[in-house]
Amino acid sequence: MLVLRSWSSLAIPAARSLRHLMGGMLGAVLLLASPWLGAQSSFTYGATPWPRMPEPPRSEVHWVSDDMRVNGVPMRVQSFESKSSVVEVQAFYAAHWRHGAGGRAQMVVTQADPYVLLGKLHGPFYLMVKLKSAEGGGTQGTLSVSQVQGIQPRIDASGIPAPAHGAKAVNVVESIDAGKRSKQVLWFSGDSVPVLAARYHASLVRAGWTLVQEQSAPQAAEASVVRMYGRNKQQLDVAMGADLPNRMTVMNTNLVTFD
């Protein structure tokens, strides 16, 4: 299932707060079915061939998703682990992109501790390598290809039951994988976790959803809630936690449909 954090130029810092607050509670697959997906057959498959990202030296590479969209931008993402150091991996891509295809645009290097981001324009696409030192040595990170030409980024949370009282959608990730379609939305809210959880639960029940499973943090921990809802052949998973330094609640909703 997709774990979207490799396209860091589009990701937001609050996503890290959410992962910290939820810990392992967000490890479960988040599922749902929704009619917004019916007309969309693919985000990245079409008449224009997508470039292949060269694999880092001495690495194992796995697909995160080859058919996804992040804030309206079509994208393909792989994760990797390499026995080579960050310096060696960076040198590999600098040499490859200096002599390989993709136009005259130079590789852009950006420091985003603890990551190093390597970016390169390639026709209508943008290639990015996100890497950092792995524990025990070597390098880990992601490889992503984004279609940027003619694309207008947007945050479209349509089709997802929205929390009331001014909650704001700040990141949207969609993916299609082997007949399974997902739409994940990250929200910010000024309500506390208990208030937001109660109001959102009530609105879902009114809309015909049934609470299937619930998990809450211990009393001594920062407030957080993970819930699973069902309706007919649909499933909706919700995770929310308190971002105390910023005095807000961060909520993640994810919907998946199976074709």
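## Rings, charges and backbone angles

Arginine 247 is exposed, with a relative accessible area of 78%. That value comes from a predicted model. The residue lies in the loop between strand 11 (234–243) and strand 12 (248–258). Its backbone is worth a look: arginine 247 is not a glycine, yet phi is positive, at about 55°.

Asparagine 71 also has a positive phi, of about 50°, although it is not a glycine. This residue belongs to the loop between strand 1 (59–70) and strand 2 (73–82). Is asparagine 71 buried or exposed? Asparagine 71 is buried, at a relative accessible area of 7%. The cut-off for buried is under 20%, whereas exposed starts over 50%.

The next backbone feature is a peptide bond. From aspartate 113 to proline 114 the bond is cis, and omega is near 5°. Proline 114 sits in the loop between strand 3 (108–112) and strand 4 (115–122).

**Aromatic pairs**

A pair of aromatic rings is described by the distance of the centres and the angle of the planes. The structure holds 3 such pairs. In one of them, the rings of phenylalanine 92 and tyrosine 93 have centres 5.0 Å apart and planes at 85°, so the pair is edge-to-face. Planes over 60 degrees apart earn that label. Another pair joins tyrosine 93 to tryptophan 97: the centres are 5.3 Å apart and the planes at 50°, so the pair is tilted.

How far apart are tyrosine 93 and tryptophan 97 in helix 2? They are 4 residues apart in helix 2 (residues 86–99), so about one helical turn separates them. Ring pairs link Phe92, Tyr93 and Trp97 into a cluster.

Exposure varies within this group. Tyrosine 93 is buried, with 0% relative accessibility. Tryptophan 97 is buried as well. Phenylalanine 92 is partly exposed, at a relative accessible area of 27%.

**Charges over rings**

Which rings have a charged end over them? The table lists tyrosine 45 and tyrosine 115 with their partners.

| Charged end | Ring below | Distance to ring centre |
|---|---|---|
| Arginine 76 | Tyrosine 45 | 4.4 Å |
| Lysine 130 | Tyrosine 115 | 4.1 Å |

Arginine 76 supplies the charged end for tyrosine 45, and lysine 130 does so for tyrosine 115. Tyrosine 115 carries the number that opens strand 4 (115–122), and the loop before that strand holds proline 114.

Terms used: Residues are numbered from 1 along each chain as its sequence is written. This is a predicted model: local features need pLDDT of at least 70, side-chain atom pairs count only at pLDDT 80 or more; totals for chains, interfaces and linings use all residues. Side-chain values use heavy atoms; hydrogens and water are left out. Rings of Phe, Tyr and Trp (its six-membered ring) pair if their centres lie within 6.5 Å; planes under 30 degrees apart count as stacked, over 60 as edge-to-face and the rest as tilted. Buried means under 20% relative accessible area, exposed over 50%, partly exposed in between (1.4 Å probe, protein chains only). Helices (H or I, at least four residues) and strands (E, at least two) are DSSP runs, numbered from the N terminus. A charge sits over a ring if NZ of Lys or CZ of Arg is within 6 Å of the ring centre and within 35 degrees of the ring normal.
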